[in-house]
2 protein chains.
Amino acid sequence: MPTVRLALAQTNPVVGAFEGNSASIVRFVRDAREKGADLVGFGEMALSGYPIEDLASRPAFLTASREALHRLAETLEAEGLGDVPVIVGYPDGPFEPRLSGTANAPTAIAQNCAGVLFGGEVVARYAKFHLPNYSVFDEYRNFIPGDELLVLRLGEVDVAVAICEDIWRDGGPVSRVSSADAGVLFVVNASPFERDKDDLRLPLVRRRAVETDAIVAYVNIVGGQDDLVFDGDSVVVDQGGVILARAPQFEEHLLLVDVEAEAATEPHIVEGVRRVDLPARADDRAELPRDVAELPDDREQVWNALVTGLRDYVDKNGFPGVVFGLSGGIDSSVVASIAADALGPDRVFGVSMPSRWSSDHSRSDADDLAERIGLRYRTEAIASLVQPFEDQLHLTGLAAENLQARVRGVILMAISNAEGQLVLTTGNKTELAVGYSTIYGDSVGGFNPIKDVPKTLVWELARWRNEAAEARGETPPIPENSITKPPSAELREGQTDQDSLPPYDVLDAILDGFVSQKFGPEEIGELGYDEQLVGDVIRLVDRAEWKRRQSAPGPKVSQTAFGRDRRLPITYRPGT
Amino acid sequence: MPTVRLALAQTNPVVGAFEGNSASIVRFVRDAREKGADLVGFGEMALSGYPIEDLASRPAFLTASREALHRLAETLEAEGLGDVPVIVGYPDGPFEPRLSGTANAPTAIAQNCAGVLFGGEVVARYAKFHLPNYSVFDEYRNFIPGDELLVLRLGEVDVAVAICEDIWRDGGPVSRVSSADAGVLFVVNASPFERDKDDLRLPLVRRRAVETDAIVAYVNIVGGQDDLVFDGDSVVVDQGGVILARAPQFEEHLLLVDVEAEAATEPHIVEGVRRVDLPARADDRAELPRDVAELPDDREQVWNALVTGLRDYVDKNGFPGVVFGLSGGIDSSVVASIAADALGPDRVFGVSMPSRWSSDHSRSDADDLAERIGLRYRTEAIASLVQPFEDQLHLTGLAAENLQARVRGVILMAISNAEGQLVLTTGNKTELAVGYSTIYGDSVGGFNPIKDVPKTLVWELARWRNEAAEARGETPPIPENSITKPPSAELREGQTDQDSLPPYDVLDAILDGFVSQKFGPEEIGELGYDEQLVGDVIRLVDRAEWKRRQSAPGPKVSQTAFGRDRRLPITYRPGT
């Protein structure tokens, strides 16, 4: 069987930054060409960033994308790189709106495409057929589906092209790969990270390889984009599903591999298949080292996703750094540690804002953390700011409790307005689920690194991060006391979270059933939880929807994150 | 031609309140039966409320809906109302997920249905075929499409049933109405209000009547649901498109009309058509008065939409009333007037929060407004609350300006926490577009009645409301000075909005082009606006996405509202 040298370019594009993304593509192509690649493939919408959401309905955006693709082909040729075929994802359009009839609405005018560049030109394009429209995806809203499989004849080998969801579902162009007798299936992806997704993705890629009797090359983008983090983890498997090469998660990488692919036969005509012939390169080339990354353990993967999500939100949006309240509790300690890993401690600013109810350990734990991590740190006591409100408005009870959180929010925003940092909010997923937070108080902030992390996982991550530091001979960043002490909002004397909430292990299990598994109360009850408690928790979750609607974005790491992954009415009166 | 008495029941359902919605349906059926109706039809999802969003993915919710439908049929029979066929919209399920393959995601398990109740049973169901998945709609995400037209033989007349989008697009079951020879097409709708939508909806209904040579009965729900307002405006047209009956907007109404429909022939078998036979009633019945509502003028329609949206958000969510900052400016004055119209002045609480920069007219205009409307009113000066922050944090410039707005937000939330009112935020659409607001400051609040109202329309509405009062011999609610004075945020000495923004008529025109029409900068420039200015405005809009993401919901009244109508990335770097 002929050997083909495939290059999978795992890049980190920025949405809308056609110039910067193109420059990155050129760099990767140069590197791949120097290393003798026969074909270089980039991820889904590597040219435009992903997801572009309703930018897909702006004709000017689509025109810019199409022009950028042509300019990229010309640049590659001009720089002497035009003799390597390049597959790159981009949004194409504007096309005639898809819907017939009189629908009074914007309709899809774009396609989700992979362009093939060669010799200074766009020689072929493939349009995604299966458009995901569930979970975080709105592709049926934004795109017109394609209907034709693309097969590139590359010297002696046929390479079929598909995009992401095309291999997740049966039917469509990919079902023609076997009958088209392609030796390689090249899949262009923007597949966001979630826990245990590699348990689905890799078996899927292997299954498609076996089904189509082809090498499958799966290239994914990396990086954070608002509430999504793309993990890369690009992979190439042989016709039997054996891994030949695998890129690391969460970092840009050029994955090179020599594959032995079925030689192309005289192409028999298959309906719905477009064929394009490209000449093969005939370079002498050095042997490649084996490049098969190992996946780290689950907690490390989640940690890296959170670090990547935060770093890219901060850097892609041009913030000098981050600022947030440091309470000595576990949530803000973990956020501080994530932020330091993402940005370096110099760009992390923690503000301790003790109140009359703050315990001694809150202050000492916050001090300890700041010192361990080496972040910028300042204390602003809130008593003298809170008192005037209490005196003027005669506040007691909940109003007085929330006031303290809101005064802290005002302090953080004032610092941000004066110095330009992004304010982070540090509420975990469990709090967000049951509404255990003060809106416009501790929820103040433009990004929440642990938005999709339940409290029990916050603790696990803290322990893992400390262990990882110890294993490297470094100081564990998170004070042991922040991990072990009972959690408290400290908004009144002697308060602990468990005054209002069930134990976190129970609460997180119920929430996982309700939010992630979409179980009803009876199914959760059958798992062994008290019926009354389950009903109470569900009511809390349903009633907190209005708060979540105004919450900051944060990286999705679970199967069902709050936000566009889970769209629910605020006004909802079950049982009435 | 035989005469049929149709009843269109325009109800205001609450999402999830199966019991309350059913009780309302029973009341309307009783009324319709007493008035001799042969058939009573309700709106889309009148049983469950609409839109249910991802509640459609909860098996327990769907089971509750199906059970509620059967219980409703039994109740109608038990109360002696079972001899009138009733068409009622509801979500049905759970069904097997739609998607094949290995998609790692929740997939649609529901159908958007109309059930036909008769004799204590559910005798037929129709499932919506065309699923809107644009603008505010996510129905392809949430529902499995149907594929069969339903035709009810009602004595001598055939009645075809369709749901909403089914008539907005060509093809699908509705294209079989002619070949099935139905005399009546009964369309069950949940069609949200937007300006000038009646200019699309009515011509569409008329066109379908002419095309199918059938009476078209179009029944819509009314009421607010989060950011949507359903306007009713149910209508019946004859085979030539002439209006026979029309319900008023924004209120519950039973629209009764006698129509002369083509007699049914021996049914020829048409593929994709399900037929159900129902006996005709043979009541003696009194002649019906003509019931054809007139549509009010555009500004009144918008006003009524805003009033309805606010009232239903407040009442359906069980708030005792609303509270908000009253600045003497036009935005809060219009909100106060909307709130008083929606809830009565007793449930409206305005708080004047003057600062050192507040002009005399701000206070006197706020006083004047409060007196004119008769709302509850209180003054809380902010100087002594702001000063401690300034002293402790050494704030100047923007940080000091925003601080004032944030202190006001803290006051409003403290009052809300103490007394239970819903806090309203009063930023208009223009401010929201360009980010001219203080996040966690004047943006504090759970609902924004004028979220989708550009500044120029705010002024128009104020003038209209005053004129309407005068025409009724009432005191105009809004002080003339609030309408005519130059707008200012009053966050520093002598500030006016036009220090930072172009004149509002220019700004609103550019925003309409960019946001609603989705024009690019060149197309807007061709309308005669300065290229540099257009570019600046577009940049402001793109950069304010993060603020909008955390903004309160408010009623959609334009073609493109901010929120789920317009889904855009925060991280977006065009031109880089």
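## Strands, single residues and the chain A–chain B contact

Strand 11 (residues 228-231) of chain B is covered on both faces, with Leu228(B) and Phe230(B) buried on one side and Val229(B) and Asp231(B) buried on the other. Here strands are DSSP runs of type E of at least two residues and helices are runs of type H or I of at least four residues, both numbered from the N terminus, while buried means under 20% relative accessible area, exposed over 50% and partly exposed in between, with a 1.4 Å probe and protein chains only.

This is a predicted model, in which local features need pLDDT of at least 70 and side-chain atom pairs count only at pLDDT 80 or more, whereas totals for chains, interfaces and linings use all residues. Residues are numbered from 1 along each chain as its sequence is written, chains are lettered from A and ligands numbered from 1 in the order in which they are written, and side-chain values use heavy atoms, with hydrogens and water left out.

In a regular strand the side chains alternate between the two faces of the sheet. Strand 8 (residues 184-189) of chain A is mostly covered, with 6 of its 6 residues buried; Val184(A), Phe186(A) and Val188(A) lie on one side, and Leu185(A), Val187(A) and Asn189(A) on the other. The pairings of these strands are set out below, two strands being counted as paired if DSSP finds at least two bridges between them.

| Strands | Sense | Bridges | Residues opposite each other |
|---|---|---|---|
| Strand 10 (residues 222-225) and strand 11 of chain B | antiparallel | 4 bridges | Gly224(B) and Val229(B) |
| Strand 7 (residues 157-163) and strand 8 of chain A | parallel | 5 bridges | Val159(A) and Val184(A) |
| Strand 8 and strand 9 (residues 215-220) of chain A | parallel | 6 bridges | Leu185(A) and Val216(A) |

Strand 10 and strand 11 of chain B form a hairpin with 2 residues between them, and Asp226(B) in the turn has a positive phi of about 55°.

Two residues of chain A in the segment after helix 17 (545-549) of chain A can be described individually, namely Arg564(A) and Pro574(A). Arg564(A) counts as buried because its relative accessibility is 16%, and, residues up to four places away in sequence not being counted, Arg564(A) touches Pro51(A), Glu53(A), Ser135(A), Val136(A), Asp227(A), Leu228(A) and Arg141(B), contact meaning heavy atoms within 4.5 Å. Pro574(A), with a relative accessible area of 39%, is partly exposed, and, with the same residues left out of the count, Pro574(A) touches Asp542(A) and Gly16(B). The C-alpha atoms of Pro574(A) and Phe28(A) are separated by 54 Å, these residues being 546 residues apart along the chain.

The contact between the chains takes 99 residues from chain A and 98 residues from chain B. About 8500 Å² is buried between chain A and chain B, 55% of it on carbon and sulfur atoms; buried area is the accessible area (1.4 Å probe) that two parts lose on being put together, summed over both. Between chain A and chain B the count is 6 salt bridges, each a side-chain nitrogen of Lys or Arg within 4 Å of a carboxyl oxygen of Asp or Glu. Arg549(B) forms a salt bridge with Asp226(A), with the closest N and O atoms 3.8 Å apart. Helix 10 (residues 397-419) of chain A supplies 12 residues, the largest share of the side of chain A that touches chain B.
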